[in-house]
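Here's a quick briefing to read alongside the structure. Have the viewer open and follow the topics one by one.

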Amino acid sequence: MKRTHTCGQLTKNDIGKETTLCGWAHSRRDHGGLIFIDLRDRYGITQIVINLQGVGGEHCSPLHQIAESIRSEYVLAVRGKVEPRPAGTENKKITTGEIEVAVSELQIVNASKALPFEISEYVTISEDTRLENRFIDLRRPEIQQKLLLRHRVCKAARDFLDKKGFAEIETPVLTKSTPEGARDFLVPSRLSPGEFYALPQSPQLFKQILMISGFDKYFQIAKCFRDEDLRADRQPEFTQIDIEMSFTDEEEIFSVTEGMFKDIFKAGLGLDLKTPFPRLSYKEAVGRFGTDKPDMRFGMELADLTDDLKSAEFKIFKQAVEAGGIIKGLNASGCAGYSRPQIDNLTSFAAVYGAAGLAWFKVTKDGFDSPIAKFFNSDLQAVMRKKLSAKEGDLLLFVCGKPKIVNESLAQLRNLLGKELGLIKKNEFVFEWVTDFPLFKYNDEEKRWDCEHHPFTAPKEEDVSKLDKDPGSAGSRAYDLVVNGSEIASGSIRIHDPKLQKKIFEIIKMTEPEIEARFGFFIRALSYGAPPHGGIAPGLDRLIALMTDSESIRDVIAFPKTQKGACPLTGAPSDVPDKQLKELGIKKINEVPRH
RNA sequence: GGGGGCGUAGCUUAGUCCGGCUUAAAGCGUCAGAUUGUCGAUCUGAAGAUCGUGGGUCCGAAUCCCAUCGCCCUCGCCA
């Protein structure tokens with residue numbers, strides 16, 4: 001039997017039609033002479049009815065026997081007539097709920113063993129079990145909707161970019177290891193024993209070479225690989241919508257990206273995004289929110305009180321400022337009622353991000369209530385109130401110390417409080433561009449400069465002259481797109497001058513032979529007429545997780561890995577036969593016995 | 001590498017602090033039977049558990065101790 005309709009398609013407009021449906025037996029409700037089966041496919045559920053009276057059969061009729069033998073998740077093909085449900089028995093929860101199919105022919109296409117877990121919206125199954133049985137888990141409509149949304153987003157991105165003249169070009173998955181950023185996944189080469197390919201962390205160099213080759217506007221929905229520890233929002237392989245263009249500038253890249261996101265949100269969620277997205281500089285973002293990816297769905301901005309409070313009689317603040325630190329605070333509005341344990345929780349939360357402590361002040365009608373209030377005279381208290389727009393009933397929280405720690409811990413506190421205080425609306429997406437990043441950050445451990453973004457990012461033109469004497473003051477032409485506190489895309493205008501590219505490598509303390517060995521091919525490419533170019537790469541997995549309100553990107557990846565990088569379904573990674581290793585010239589290190 | 005949480009029938013959990021009325025309990029699912037308007041169907045009955053694994057303490061361990069494995073969150077890491 002060939003299906004004529006899907007299980008989500010038939011409505012009262014189809015009443016009277018003959019139809020053939022194929023799908024899975026979602027549930028069976030057996031009333032003896034009357035059997036209902038919910039037939040499910042990815043489009044929906046249609047109730048089919050096997051009625052003894054209707055077909056003039058008896059309990060032992062073949063049709064009835066087949067219906068009785070059906071179990072959960074059997075694959076069925078049914079032929080029958082679309083009929084209205086008797087008045088009062090309509091199911092308003094499903095789109096096909098006004099009709100049912102009276103079965104005249106019923107075929108079990110394939111049986112199913114009893115399931116390891118129910119496909120039901122009413123039970124939460126542990127992720128472990130779900131991933132081990134992903135073939136069943138992926139039948140859950142909730143997951144199917146997420147993957148189908150992912151498809152619509154990819155298609156919208158492709159269609160948009162195609163319309164704008166971008167060409168999708170594939171780049172290698174087996175490529176050259178260019179460590180410097182994340183750890184590479186390595187693949188041993190059989191034909192060159194002892195040598196390795198690396199899986200790309202991104203198609204960065206290839207897309208730049210495509211620009212050099214004149215492809216002008218490139219994109220690729222590209223798999224990227226990084227061998228680092230996993231998180232809820234980090235998988236060892238992930239997908240980017242990788243974009244690069246020549247003869248371009250920030251403005252053009254922003255507008256292309258904004259147009260693409262407009263189409264993506266329309267196609268994925270039916271939402272109309274307002275463009276252009278607001279912009280703020282790195283400096284402003286860190287100043288106001290403590291982070292370069294602020295969640296701008298709510299306020300609660302940080303205030304810098306370093307100069308105001310360094311004179312207070314409070315030793316901890318004083319010492320922190322003398323050591324080159326800063327003092328910043330935020331106003332947890334309306335939280336003066338927090339108990340000591342609640343505040344202790346906030347303190348230990350901040351401690352996770354390195355904060356040595358949390359100074360707090362409850363604003364009451366009699367002034368500040370805090371164990372350390374006595375160290376802050378009324379003038380200082382007035383300044384604190386003013387800078388944080390505090391009113392009675394508020395709770396003021398301060399962290400002092402190294403700027404990085406103060407900003408990071410307060411930014412995290414702000415996010416936590418934003419959630420806890422219900423300042424965040426559901427289904428709201430607030431976009432912002434963060435621009436004007438510094439080009440370098442200092443690496444204390446290795447006593448050298450590191451690239452803030454990556455070494456192919458162009459410095460601000462006016463800062464090129466600063467590179468020699470004061471690299472730390474140089475700005476970059478990098479930009480991030482942030483949505484609801486998540487970095488959702490990152491990019492830059494690139495370096496197209498081979499001499500400048502070499503200089504950047506030198507600043508990050510790469511030696512001439514290292515540069516040659518790792519990036520020689522790329523510098524050579526830049527030397528043959530490289531056009532100015534730049535691009536951006538939205539992370540698809542995080543974007544879909546955000547759009548589907550998923551806790552983890554594992555929910556928007558069909559076959560994700562666990563925290564140890566394992567695939568519970570296939571059992572990867574796994575041992576391989578010695579023969580395979582031998583061919584690759586690889587020897588196992590004998591396990592050293594313990595004791 | 002560090003911190004935290006979890007692991008008990010196929011699934012979801014209770015029991016674990018404070019060892020013994022536990023013959024390890026329940027709901028869902030499964031299996032058998034009944035059932036003509038259900039849609040998380042219902043009713044009757046049944047089967048189903050190395051309490052993650054290994055070791056130890058004890059008269060006695062799901063429960064206490066040690067080790068180990070797995071999963072999740074997180075710091076570091078992720079140009």
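A residue counts as buried here if 20 or more other C-beta atoms lie within 10 Å of its own, with C-beta atoms placed from the backbone. By that cut-off 6 of the 8 residues of S2 are buried, so this strand is largely enclosed by the rest of the structure. Keep in mind that this is a predicted model. S2 (34-41) is worth remembering, since it turns up again below in the surface near RNA strand B and in a closed barrel.

**The overall picture**

- Chain A has 595 residues, and 33% of them count as buried.
- Its secondary structure comes to 17 helices and 22 strands.
- The C-alpha trace of chain A spans about 95 × 75 × 65 Å along its principal axes.
- Take the contacts in chain A between residues at least 6 apart in sequence: 67% of these join residues at least 24 apart.
- There are three domains to look for: domain 1 covers 12-110, domain 2 is made of 143-280 + 431-556, and domain 3 covers 298-420.
- Measuring between centres over C-alpha atoms, domain 2 and domain 3 are separated by 37 Å.

**The barrel**

- Five strands close into a barrel, in the order S1-S2-S3-S5-S4, and the pairing is mixed.
- From one strand to the next, the twist averages 55°.
- Helix H2 (residues 62-69) packs on this sheet, where it touches S1, S2, S3 and S5; the direction of H2 makes about 75° with that of S5.
- S1 and S2 pair in the antiparallel sense over 6 bridges, and Arg28 has Ile37 in S2 as its bridge partner.
- Those two strands form a hairpin with 3 residues between them, and Gly32 in the turn has a positive phi of about 90°.
- S2 also pairs with S3, again in the antiparallel sense, over 8 bridges; Leu34 stands opposite Asn51 in S3.
- The S2 and S3 hairpin has 2 residues between its strands.
- S3 and strand S5 (residues 99-110) run parallel and are joined by 2 bridges, with Val49 opposite Ala102 in S5.

**The open sheet**

- A sheet of 8 strands is open, in the order S6-S9-S10-S22-S21-S20-S17-S11, and has mixed pairing.
- Its edge strands, each pairing on one side only, are S6 (167-168) and S11 (279-281).
- Helix H6 (residues 204-212) packs on the sheet and touches S9 (217-225), S10 (237-246) and S22; the direction of H6 makes about 20° with that of S10.
- Inside the sheet, S21 (residues 486-493) and S22 (residues 533-538) run antiparallel and are joined by 5 bridges.
- Ser490 stands opposite Ala537 in S22.

**Around the RNA**

- RNA strand B is surrounded by 56 residues, and the closest are Gly32, Gly33, Ser126, Gly181 and Gln563.
- Gly32 is also the residue with the positive phi in the turn between S1 and S2.
- Which elements each supply at least two residues of this surface? They are strands S1 (18-30), S2 (34-41), S3 (44-51) and S19 (448-451), plus helices H1 (52-55) and H3 (127-132).
- By residue type, the surface near RNA strand B divides into 17 nonpolar, 22 polar and 17 charged.

Methods:
Residues numbered from 1 in each chain as written. Chains lettered and ligands numbered in written order. Predicted model: local features only at pLDDT ≥ 70, side-chain atom pairs only at ≥ 80, totals over all residues. Near = placed C-beta within 6 Å. Helix = DSSP H or I, 4+ residues; strand = E, 2+ residues; numbered from the N terminus. Nonpolar A, V, L, I, M, F, W, Y, C, P; charged D, E, K, R; others polar. Pairing = 2+ DSSP bridges. Axes fitted to C-alpha atoms, helices over the stretch in contact; angles between N-to-C directions. Contact = placed C-beta atoms within 7 Å. Buried ≥ 20, exposed ≤ 12 C-beta atoms within 10 Å, placed from the backbone. Domains from an automatic or database assignment.
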